[in-house]
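Trainee: Please take a close look at one part of this model for me, and then set it among the other local features. I would like one connected account.

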Amino acid sequence: MNHLLFGVAYYDEYMPYDRLDEDIRMMKKAGINTVRIAESTWSTCEPQPGVFDFSHVERVLDAMEKAGICVIIGTPTYAIPTWMAKLHPEVMAVTNEGQNRYGHRQLMDITSSAYRFYAERVIRKLMNVSAHRKCVIGFQLDNETKHYGTAGPNVQLRFVKYLREKFHDDLDAMNREFGLDYWSNRLNSWEDFVDVRGTINGSLGAEFEKFQRTLVDEFLMWQADIVNEYRREDQFITHNFDLDWKDHSFGVQPDVDHFHAAKALTTAGIDIYHPTQDLLTGKEIALGGAIARSLKNGANYLVLETEAQGYVTWVPYKGQLRLQAYSHLSCGSNSVMYWHWHSIHNSYETYWKGLLSHDFAENETYKEACVIGEELARFGDHLVNLKKKNDVAMLVSNEALTALKWFPLDSLLSKMDMGYNDIMRRIFDAVFDMNLECDFLWPDSENFDDYKVILVPALYAVSDEVLHRLTRFVENGGHIVVTFKTGFANENNKVSTEVQPRILRECLGICYHEFTLPRDIVALKGDIIPEGEHKAEAFMELVIPEGAEVLAHYDHYNWNSYAAITRNHFGKGTATYLATLTDEETLKAVLRTIMNGAGIDLSEETAGVTIHRGVNDYGRTVWYYLNYSPEEKKVIYHGRRAVDLVWEGSAEPETDQKIEPETELIAAPWGVRILEEEQA
C-alpha cells in the first residue's frame, strides 16, 4: 500500500436521519481516509427476492468519492434477509442443538444450494454497482466467517465422501485408525454411517470438526472467485478473521483454520478486540497481529475491526486510543479501522459504542482520533509497509486445539479445564513480557528454518512428518521449547503405542510412562527455579531423563525422582521440555536460558515498556516504545542516531528532534514514542 488506512465501518442504512455530509465533514476532520460499507445490509439491498435497491451504497460511494475517502466493499452474506428464511427454511443450519431459528446473524448453512444461489446473485449485483468505482480499493469477503456448527444431512453426506477419499475407500482402515470397535461403534458399510453429531469417539468427532473447517476454506474461495471476475488489479481481497473469544480476542480460532482459509485472499485481515483502561496490556493486539502477519509469510495485513469505545467497560482512558492505534501499526498492520463510526440506536449492538456516541457529538474518543489522523497524515509514510524479521515463532494447530477439547486437561489452580489456548497464551504472554516479538507457524508452514527458536505448546494431535521436521530443525541448530502432551497422538487422535514422547524422544532426551493430576499443588525445585515459591499449575508428566539435563524436578516425597523441566543438546541445537504448566516467573527463567543459548538479544527485557521495531519503505529501522501503564516510564534507546517522529517528552514538540544512541527516553503514561533511524 502507498498509505496507511485509518477508517471506520459506516452504514448509511442505520442512520436515524440524513447526516451523510456531516459525517464526512467529521471524518475529514479526524483524518479518516477509509470506510467499510455494505457487509451487513443484505435485507436493505434486496428487500424481496430479485428486487434490488443499492441506493444507500451508491449514495455513499458518490459522497466518499467526492470527498477523497477510500471505500472497502463487504459482501453482505453473513446475515440473511427474513424472506430467505421464510422461503427456504432449509438454509438455516442444523447444529448439535437442532435447526437454528431466525433472528441472530450467521445462522445459515454455508453449504446450502439455496443460500449459495441468492448469495452469488447479490454479490454479483453489488459488484456491478461498486467494483468499477475509483474510490473502491478492495473487497472484504463476508464477515468473521465460521462453519457455524452446520451438521445437517447434506453436510454429513459430504463428510462421508471426505472420509472415503481420506481413507481411499478402505472402511477397515478408518475403523482401525479411529478405534471405532470401542462400544460397538464400528462401521461395516459406508451406508451405515449414522448422525455424527452424537458420536462419543474423539477421533471421529475431531475429524468432523476438521472437515467443518474445510467448509470455511471452500466458502471463502467460492466468494473470492466471484469477486475476482469483477475486481481491478489494484483492488485487494481480504477477510476479517476473528480469534477465539474470552470476553475479548484471546487465541487460535477453533472454527477456522486461518492458515488454510487465507489462501483465498490477496491481503490478510483481522478483527482484534481487547480490554482497555487499567487492563490494557497490548498482548491481544500483538497476538492478533502476529497471527495475521504470519498468514502470508510476513506480509503486511489489515486490522479491519477494533474498538473505539466498544463495551461500556472499554471506553479508553486519555491516550489509550492513540496507543492502541500505534500498537497495531507496530506489529505490521497497514490499517486501523474501528467498529464503528457511531453507536446505533436500537437492536442487538445498541451498546457496542462507536467512535461517536448516540448523540453524534464530538467526544474525547473522537478528539483523540483527530490527533491520530493528523499524525498519520504527517508521517504515516514512514510507518506503512513495516517489515519485521523475528527469531522466535510459535507453532500452533487447530487439530491440537480440537483434540484437547475432546480430551481436556485440568488446571489445579482454577479447578477448570485447561484449554489449548490457555496453554498457548501462557507462553505467548511470557515472550511478550520479555520484549520479544513472535511469529506464528502452522503444521503446513514451510518456513521452520527461518527461525532460531520454535515454541511448541501442547501439540497433542500431530503427524509424524511434523515431528520429524522439528527433530531436523533441532539437529540443524535450531532450538525448540516443547510442552506436555506434545506428540501424544497422531493427526487422527490415535494415541501411540510407543513410549512417549515417541518420535521426539531422542531429540528431547527423555521418556515418560505415567502422568497424573495430583490433589494438591506440587512445588518445583532446581537450579533454574527463581527464588520464592514456584509450582506446577496443571497435571504432571513423570519424566525420566535419557541424557537430558534436569533443570527442575518435582519437590514431592513421592515424585521427586521425576523431572519437570529438561534440556537436551541434540545435533547442533537444543530441545527443552516442560512436563507441566509452570508459573510465569519459572517459565520466563526457562525461556531466558533458551534465548541466550540461541543468541537472541534480551537486553530490552527490563526496559519497562514494550518495544517493537521493523524496517519501513525507506529502508530505515523504526522503533516503537509503547507504555501500557499509567506511570511515566524511562528507557534507554539502543539504536542508531534517529529522528523522533512523535515527540512526547516534557518539552514542547520540536521539529526533527534528533535522538542519539544510548539516550534516555521518556514515555508518557499510556504514551508512545516512535523513532526512525537516520541510516538505512
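Mentor: I will start with one residue, Lys485. The model is a predicted one. At 6% relative accessibility, Lys485 is buried, because the cut-off for that class is under 20%. Lys485 sits in the loop between β19 and α16. Its phi is positive, about 70 degrees, although the residue is not a glycine. Most residues other than glycine have a negative phi.

The same loop has a cis peptide bond. Pro501 is found in the loop between β19 and α16, and the bond from Gln500 to Pro501 is cis with omega near 5 degrees.

Aromatic contacts also involve this loop. A pair of aromatic rings is described by the distance of the centres and the angle of the planes. The count for the model comes to 36 aromatic pairs. One of these is formed by Tyr460 and Phe488, which are stacked at 5.8 Å centre to centre with 25 degrees between the planes. Tyr460 belongs to the loop between β18 (453-456) and α15 (464-475), while Phe488 belongs to the loop between β19 (479-483) and α16 (505-508), so this pair ties together parts that are 28 residues apart in sequence. Tyr460 is buried at a relative accessible area of 5%, and Phe488 is buried at 10%.

A second pair from this loop is formed by Phe484 and Phe539. Their ring centres are 5.5 Å apart and their planes stand at 90 degrees, so the pair is edge-to-face. Phe484 lies in the loop between β19 and α16 and Phe539 in the loop between β22 (535-536) and β23 (540-545), so the contact ties together parts that are 55 residues apart in sequence. Phe484 has a relative accessible area of 1% and is buried; Phe539, at 6%, is buried too.

That covers the loop, and the remaining features lie elsewhere. Asp247 can be set beside Lys485. Asp247 is a residue other than glycine with a positive phi, near 65 degrees, and its place is the loop between β9 (244-245) and β10 (249-251). Asp247 is exposed, with a relative accessible area of 57%, whereas Lys485 is buried.

There is also a cis bond to set beside the one at Pro501. Trp339 and His340 are joined by a cis peptide bond with omega about -5 degrees. His340 lies in the loop between β13 (335-339) and α12 (364-379). Most peptide bonds are trans.

Aromatic residues appear in other settings as well. Phe159, Tyr162, Trp190, Phe193, Phe208 and Phe211 form one aromatic cluster. Two charged side chains lie over ring faces: Arg19 over Phe360, at 4.2 Å from the ring centre, and Lys263 over Phe259, at 4.7 Å from the ring centre.

Next comes a strand and its partners. Strand β3 (residues 70-74) is mostly covered, with five of its five residues buried. Cys70, Ile72 and Gly74 are buried on one side of β3, and Val71 and Ile73 are buried on the other, so both faces are covered under the cut-off of 20% relative accessible area. Strand β2 (residues 34-37) pairs with β3 in the parallel sense over four bridges, and Arg36 stands opposite Ile72 in β3. Strand β6 (residues 136-140) also runs parallel to β3, and four bridges join the two. Here Val71 stands opposite Val136 in β6.

The last feature is open space. Rolling a probe the size of a water molecule over the atoms shows where empty space is left. The second largest pocket has a volume of about 470 Å³. Its lining consists of 22 residues, of which Lys389, Asn390, Asn435, Glu437 and Arg613 lie nearest the centre. The elements giving two or more residues to this lining are β27 (610-615) and β28 (621-626), and β27 gives the most, with five residues. By class, the lining has nine charged, seven polar and six nonpolar residues.

To return to the part in question, the loop between β19 and α16 holds the buried Lys485 with its positive phi. Pro501, at the cis bond from Gln500, lies in that loop too. Phe488 and Phe484 each take part in an aromatic pair from there, stacked with Tyr460 in one case and edge-to-face with Phe539 in the other.

Technical notes
Residues numbered from 1 in each chain as written. Predicted model: local features only at pLDDT ≥ 70, side-chain atom pairs only at ≥ 80, totals over all residues. Heavy atoms only, no water. Phe/Tyr/Trp six-rings, centres within 6.5 Å; stacked < 30°, edge-to-face > 60°. Buried < 20%, exposed > 50% of the residue type's maximum accessible area, 1.4 Å probe, protein only. Lys NZ or Arg CZ within 6 Å of the ring centre and 35° of its normal. 1 Å grid on protein atoms, 1.4 Å probe; cavity = no way out; pocket = protein on both sides within 12 Å on 5 of 7 lines; lining within 4 Å. Points joined across faces, edges and corners; volume = space filled by probe spheres on them. Nonpolar A, V, L, I, M, F, W, Y, C, P; charged D, E, K, R; others polar. Pairing = 2+ DSSP bridges.
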